[in-house]
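Notebook open, coffee poured. I want to go through this chain step by step and write down what I looked up.

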Amino acid sequence: MATKPSSPDLTGLSHEQKDILILTLLARLEALESKVNKNSSNSSKPPSSDGLAKRTSSLRESSGKPPGGQTGRKGTTLRQALQPTEHIDHPLPGHCDRCHHDLPLQDALVGESKRFPVFHVG
């Protein structure tokens with residue numbers, strides 16, 4: 001940790017010199033305080049530099065209801081169509097998108113998981 005500098009001896013200064021010193025220190029204090037009081041809303045500083053103090057984002061009052069669908073509301077889920085209107089064939093890739101290694105398509109097996117088709121190369 002930095003050591004605190006020793007205070008200068010002011011006994012040898014005249015009143016004029018002390019006045020000049022006080023005015024200089026007040027100007028420096030004002031400059032430092034204005035720098036500290038800047039944040040992302042009153043300067044060009046990014047919001048990440050505002051620190052951990054949480055600002056109020058909304059002045060709306062709470063309705064008291066829990067978030068999400070309210071009690072008694074019947075929800076619906078989009079179901080898979082029994083008769084699709086269109087069938088799209090997606091060809092197997094010829095190479096791996098990550099390492100660009102060739103994939104032998106004659107050895108490929110197509111399976112399905114719960115959500116996505118799965119391609120296995122033997």
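**Entry 1: contacts along the chain.** I started with contacts in the protein chain that have a separation of 6 or more, and residues 24 or more positions apart account for 3% of them. Next I checked burial: 1% of the 122 residues count as buried. I then pulled the accessible surface, which comes to about 12,800 Å². Carbon and sulfur atoms own 56% of that surface.

**Entry 2: confidence.** Note to self: this is a predicted model. I looked up the mean pLDDT of the chain and got 80. Residues reaching 70 or more make up 84% of the chain. Which elements have the lowest and the highest mean pLDDT? Strand S2, residues 117–121, has the lowest at 55, and H1 has the highest at 91. I'll keep that value for S2 in mind when I look at that end of the chain.

**Entry 3: elements.** I counted 1 helix and 2 strands. Reading along the sequence, I get α-β-β. Helix H1 covers residues 15–36, strand S1 runs over 108–112, and strand S2 takes 117–121.

**Entry 4: on the helix.** I went looking for nonpolar surface and found a patch of about 390 Å². Which residues make this patch? They are Ile22, Leu23, Leu26 and Leu29. I placed Ile22 in helix H1 and looked up its relative accessible area, which is 47%, so I have Ile22 down as partly exposed.

I also picked Lys18, another entry on my list, and found it in helix H1. Lys18 counts as partly exposed, at 32% relative accessibility. What does Lys18 touch, leaving aside its neighbours within four places in sequence? I noted Leu10 and Leu13 as its contacts.

**Entry 5: the cysteines.** I asked for disulfides and the count came back as 0. Reminder for the margin: a disulfide is a covalent bond between the sulfur atoms of two cysteines. Why is there no bond between Cys96 and its closest cysteine sulfur? The closest cysteine sulfur to that of Cys96 sits in Cys99, 3.7 Å away, and that is too far for a bond. The cut-off I need here is 2.5 Å between the sulfur atoms. I ran the lookup from the other end too, and Cys99 has its closest cysteine sulfur in Cys96, at 3.7 Å.

Are these cysteines buried or exposed? I wrote down Cys96 as partly exposed, with a relative accessible area of 22%. Cys99 is exposed, at 51%.

**Entry 6: an unusual phi.** I scanned the backbone and stopped at His100, where phi is positive, about 65°, although His100 is not a glycine. Where is His100 found? I located His100 in the loop between H1 and strand S1. For cover, I checked its relative accessibility: His100 counts as exposed, at 56%.

Conventions
Residues are numbered from 1 along each chain as its sequence is written. This is a predicted model: local features need pLDDT of at least 70, side-chain atom pairs count only at pLDDT 80 or more; totals for chains, interfaces and linings use all residues. Side-chain values use heavy atoms; hydrogens and water are left out. Patches are made of residues with over 30% relative accessible area and no salt bridge: like charges are joined within 9 Å, nonpolar side chains (Val, Leu, Ile, Met, Phe, Trp, Tyr) within 5 Å. Accessible areas come from the Shrake-Rupley method with a 1.4 Å probe; for residues, only the protein chains shown count as cover. A salt bridge is a side-chain nitrogen of Lys or Arg within 4 Å of a carboxyl oxygen of Asp or Glu. Helices (H or I, at least four residues) and strands (E, at least two) are DSSP runs, numbered from the N terminus. Buried means under 20% relative accessible area, exposed over 50%, partly exposed in between (1.4 Å probe, protein chains only). Contact means heavy atoms within 4.5 Å. pLDDT is the predictor's confidence in each residue, from 0 to 100.
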